[in-house]
Amino acid sequence: MIDLYYWPTPNGHKIPIMLEECGLAYEVHPINMLKGDQFQPEYLKINPNNKIPSIVDRDGPGGKPYAVFESGAILMYLAEKTGKFWPADMAKRYDVIQWTVFQVASLGPLFGQCGHFLRYAPEKIPYAIDRYWSETKRLYRVVDKRLADQEYLAGEYSIADIATYPWIKINYFHDIKIEDYPNVARWRDKVGARPAVIKGCALLEDVMKLGNPDKEAFDNLFNKQKTV
Ligand SMILES: N[C@@H](CCC(=O)N[C@@H](CS)C(=O)NCC(=O)O)C(=O)O
């Protein structure tokens, strides 16, 4: 059994998608980041970085409970645990790892800042918007080029697609027209039609709408972390 510490955001969605793809049993523990649950001392023992998602595998290595934070590490852990989306061939495995790390190290953080300065920043700062929006479009071009001759990011469907899809699903949030990136659009339709992806993205989706957070939520998301 996997304990899933979760809130329905792009980084959050990745993990129920993977759990569904692997057919693993899981129990959901909502971490309401709009209310500041991510800062609770009990949660910080699982995720010292005060973010979602995290998991605890009750049956971890050596038969003991094992906690994992960072979405990329969780995807790799579950892939290695189940042997799914984790090719035995080293070159193929590193294709998966490279495109997964590309998502967690580049695409996610840059799209995140793009969304922040476009939607959440109390003042509109043209330099910041231009910087992150142009990086977001450059990253779309990188992905589009890759998908011009590969069906999926690492060749076959993998954790790299699972990591990337929830961020591309919300293209509207980053003012991106998906039709400008035809290979990404084709890939997005295909990945988005998978039953595990539909189910993973729907988990608790009703509790969080991408929009303007109220004052309490804004403070929990963007101010409280200045003091921890
Ligand atoms: N690198 C981390 C990023 C996680 C992350 O940024 N999570 C956001 C939600 S998408 C969060 O928990 N934000 C709450 C906060 O920053 O207080 C990962 O991939 O797991």
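Which helices do the buried residues of helix 6 pack against? Let me start there, since that takes us straight into the middle of this one. The answer is helix 1, helix 3, helix 4, helix 7 (182-192) and helix 8 (195-202). And please keep in mind throughout that we're looking at a predicted model.

So, helix 6 itself. That's residues 159-169, and 10 of its 11 residues are buried, so the rest of the structure largely encloses it. The buried set starts with Ile159, Ala160, Asp161, Ile162 and Ala163, and carries on with Thr164, Tyr165, Pro166, Trp167 and Ile168. Notice that Asp161 and Thr164 are in that list too.

Take Ile159 and look at who's around it. Leaving out anything up to four places away in sequence, Ile159 touches Met18, Leu75, Met76, Ala79, Phe85, Val96 and Thr100. Ile159 turns up again when you look at the largest nonpolar core, which has 51 residues. Together with Tyr6, Met18 and Leu75, Ile159 is listed there as having the most contacts inside the core. As a bit of background, nonpolar side chains in soluble globular proteins tend to be buried together.

Who builds that core? At least two residues each come from strand 1 (2-6), helix 1, helix 3, helix 4, helix 5, helix 6, helix 7 and helix 8. Helix 4 gives the largest share, eight residues. And here's the part I like: domain 1 and domain 2 both contribute residues, so this core lies between them.

Okay, let me zoom out to the whole chain. We have nine helices and four strands, and along the sequence they run β-α-β-α-β-β-α-α-α-α-α-α-α. The radius of gyration is 17 Å, close to the 17 Å from the globule rule for 228 residues, so the chain is as compact as a globular protein of that length. If you're setting up a box, the C-alpha atoms fill roughly 50 × 45 × 30 Å along the principal axes. Buried residues account for 36% of the 228. On contacts: take the ones between residues at least 6 apart in sequence, and 67% of those join residues at least 24 apart.

Now the domains. The assignment gives domain 1 as 2-84 + 201-227, and domain 2 as 90-193. So domain 1 is written as two segments. The domain centres, taken over C-alpha atoms, are separated by 20 Å. At the interface, 14 residues of domain 1 are in contact with 12 residues of domain 2. On the domain 1 side, the elements giving two or more residues are helix 1 (10-22) and helix 3 (71-82). Helix 1 has the largest share there, with seven residues. By residue type, that side of domain 1 splits into eight nonpolar, four polar and two charged.

Next up, the ligand. How many residues are around the ligand, and which come nearest? There are 16, and the nearest are Thr9, Asn11, Lys51, Ile52 and Ser71. Helix 1, helix 3 and helix 4 (90-120) each give two or more residues to that shell. The shell's make-up is six nonpolar, eight polar and two charged.

Ile52 brings me to some backbone details. The peptide bond from Ile52 to Pro53 is cis, with omega near 5 degrees. Pro53 sits in the loop between helix 2 (41-44) and strand 3 (54-57). Asn50 is in the loop between helix 2 and strand 3 as well, and Asn50 has a positive phi of about 45 degrees despite not being a glycine. Asn50 counts as partly exposed, with 18 C-beta neighbours inside 10 Å.

There's another positive phi in a non-glycine, Phe85, near 55 degrees. Phe85 is in the loop between helix 3 and helix 4. Is Phe85 buried or exposed? Phe85 is buried, with 24 C-beta neighbours inside 10 Å, and you may remember Phe85 from the list of residues that Ile159 touches.

One last stop, over at Arg141. Arg141 is in helix 5 (residues 126-148), and is partly exposed, with 13 other C-beta atoms within 10 Å. From Arg141 to Val197, the distance is 23 Å, C-alpha to C-alpha, and they are 56 residues apart in sequence.

To close, back to where we began: helix 6 is largely enclosed, because 10 of its 11 residues are buried.

Notes
Residues are numbered from 1 along each chain as its sequence is written. This is a predicted model: local features need pLDDT of at least 70, side-chain atom pairs count only at pLDDT 80 or more; totals for chains, interfaces and linings use all residues. Domain bounds come from an automatic or database domain assignment. Two residues are in contact if their C-beta atoms, placed from the backbone, lie within 7 Å. Ala, Val, Leu, Ile, Met, Phe, Trp, Tyr, Cys and Pro count as nonpolar, Asp, Glu, Lys and Arg as charged, and the others, Gly among them, as polar. A residue is near a molecule or strand if its C-beta atom, placed from the backbone, lies within 6 Å of it. A residue is buried if 20 or more other C-beta atoms lie within 10 Å of its own, exposed if 12 or fewer, and partly exposed in between; C-beta atoms are placed from the backbone. The radius of gyration is taken over C-alpha atoms; the globule rule is 2.2 Å times the number of residues to the power 0.38. A nonpolar core is a set of buried Ala, Val, Leu, Ile, Met, Phe, Trp, Tyr and Cys residues joined through C-beta atoms within 7 Å.
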